[in-house]
Amino acid sequence: DRGCLPADMESDPGAQARGAPRSVANVTALRAISVSITTIDTNTTTLAQRFRSAQELAKVLADIDEGDVGARRVCSGHDAPLLLVALMNEAGESNAQRRVPLLTCLASLVRFIGPEELKDQRLWMLLQRMLFQSDATSVHHALAAIAAITRQEECLAFVCGTPMAKRLQQALGSLAAAEHSATAA
């Protein structure tokens with residue numbers, strides 16, 4: 001049983017010859033991603049279990065190249081960024097010990113999510129709030145997530161066409177002038 005793994009992840013010696021996009025990520029990593037996202041999305045698991053799954057997801061995704069076809073297919077379609085926003089809300093974003101690992105996961109995850117799942121206001125409001133955290137690590141991960149998201153042309157157009165653009169510009173200006181000037185640069 002391959003679960004929700006994409007069809008091109010199966011052993012198919014002719015797939016490369018046919019020019020099908022291939023994933024560099026191995027099947028074990030793709031399964032780990034799938035299990036982590038499913039655990040985060042399950043209401044019957046504890047907060048601690050979902051938090052550990054987010055940490056595992058960040059760890060697995062960190063070793064996969066951005067744009068990997070298999071990782072994109074496994075991560076997409078679950079509203080995973082919003083699952084992490086909800087988990088952050090439940091865990092408490094004022095708690096740095098929980099905030100930083102969840103932001104680490106979010107910054108890794110958005111590299112594999114299409115624009116349709118990245119336009120939600122709740123995600124952008126969280127990222128904007130994280131730009132004003134007192135620790136440089138949270139600010140760094142929020143900026144990394146914003147950078148990864150806005151590398152997608154459709155997302156950049158979305159952000160530029162909303163009042164968020166002005167707020168982000170103000171936040172980055174404040175960062176450059178404040179204690180996080182090295183991170184903002």
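**Questions about an all-helix model**

Reader: Let's start with α1. Which of its residues are buried?

Author: In this predicted model, the buried residues of α1 are Ala-29, Leu-30, Ile-33, Ser-34, Ser-36, Ile-37, Thr-39 and Ile-40. Buried means under 20% relative accessible area, so each of these falls below that cut-off.

Reader: And what covers the buried residues of α1?

Author: The cover includes α2 (47–62), α3 (69–75) and α4.

Reader: How do you know that α1 has close to the expected span?

Author: Helix α1 covers residues 27–41, which is 15 residues, and reaches 21 Å from its first C-alpha to its last. The expected span takes 1.5 Å times one less than the number of residues, and for α1 that comes to 21 Å. The two agree, so "close to expected" fits.

Reader: Why is Ala-96 called partly exposed?

Author: Its relative accessibility is 35%. Buried would need under 20% and exposed over 50%, so Ala-96 lands in between. You'll find Ala-96 in helix α5 (residues 96–109). Its C-alpha is separated by 9.5 Å from that of Ser-134, 38 residues apart along the chain.

Reader: Back to the inside, then. What makes the largest nonpolar core a core?

Author: A core joins buried nonpolar residues through side-chain atoms within 4.5 Å. The largest such set here has 51 residues, and Ile-33, Leu-84 and Leu-127 have the most contacts inside it. Helix α4 (residues 80–91) gives the largest share, 8 residues. In soluble globular proteins, nonpolar side chains tend to be buried together.

Reader: Which residues is Leu-127 in contact with, leaving aside its neighbours within four places in sequence?

Author: Those are Leu-106, Ala-142, Ala-145, Ile-146 and Ile-149. Contact means heavy atoms within 4.5 Å, so each of the five has a heavy atom that close to one of Leu-127.

Reader: Ile-146 also lines the largest pocket. What makes that lining mostly nonpolar?

Author: By class, the lining has 10 nonpolar, 2 polar and no charged residues. Thr-150 and Gln-169 are in the lining, and neither is on the nonpolar or charged list, so they count as polar. The pocket has a volume of about 180 Å³. Helices α7 (136–150), α8 (153–160) and α9 (164–177) each supply at least two lining residues.

Reader: Finally, how do you know that the chain is helical throughout its elements?

Author: There are 10 helices and 0 strands, and from the N terminus on every element in the run is an α. Of the 185 residues, 45% count as buried.

Technical notes: Residues numbered from 1 in each chain as written. Predicted model: local features only at pLDDT ≥ 70, side-chain atom pairs only at ≥ 80, totals over all residues. Heavy atoms only, no water. 1 Å grid on protein atoms, 1.4 Å probe; cavity = no way out; pocket = protein on both sides within 12 Å on 5 of 7 lines; lining within 4 Å. Points joined across faces, edges and corners; volume = space filled by probe spheres on them. Helix = DSSP H or I, 4+ residues; strand = E, 2+ residues; numbered from the N terminus. Buried < 20%, exposed > 50% of the residue type's maximum accessible area, 1.4 Å probe, protein only.
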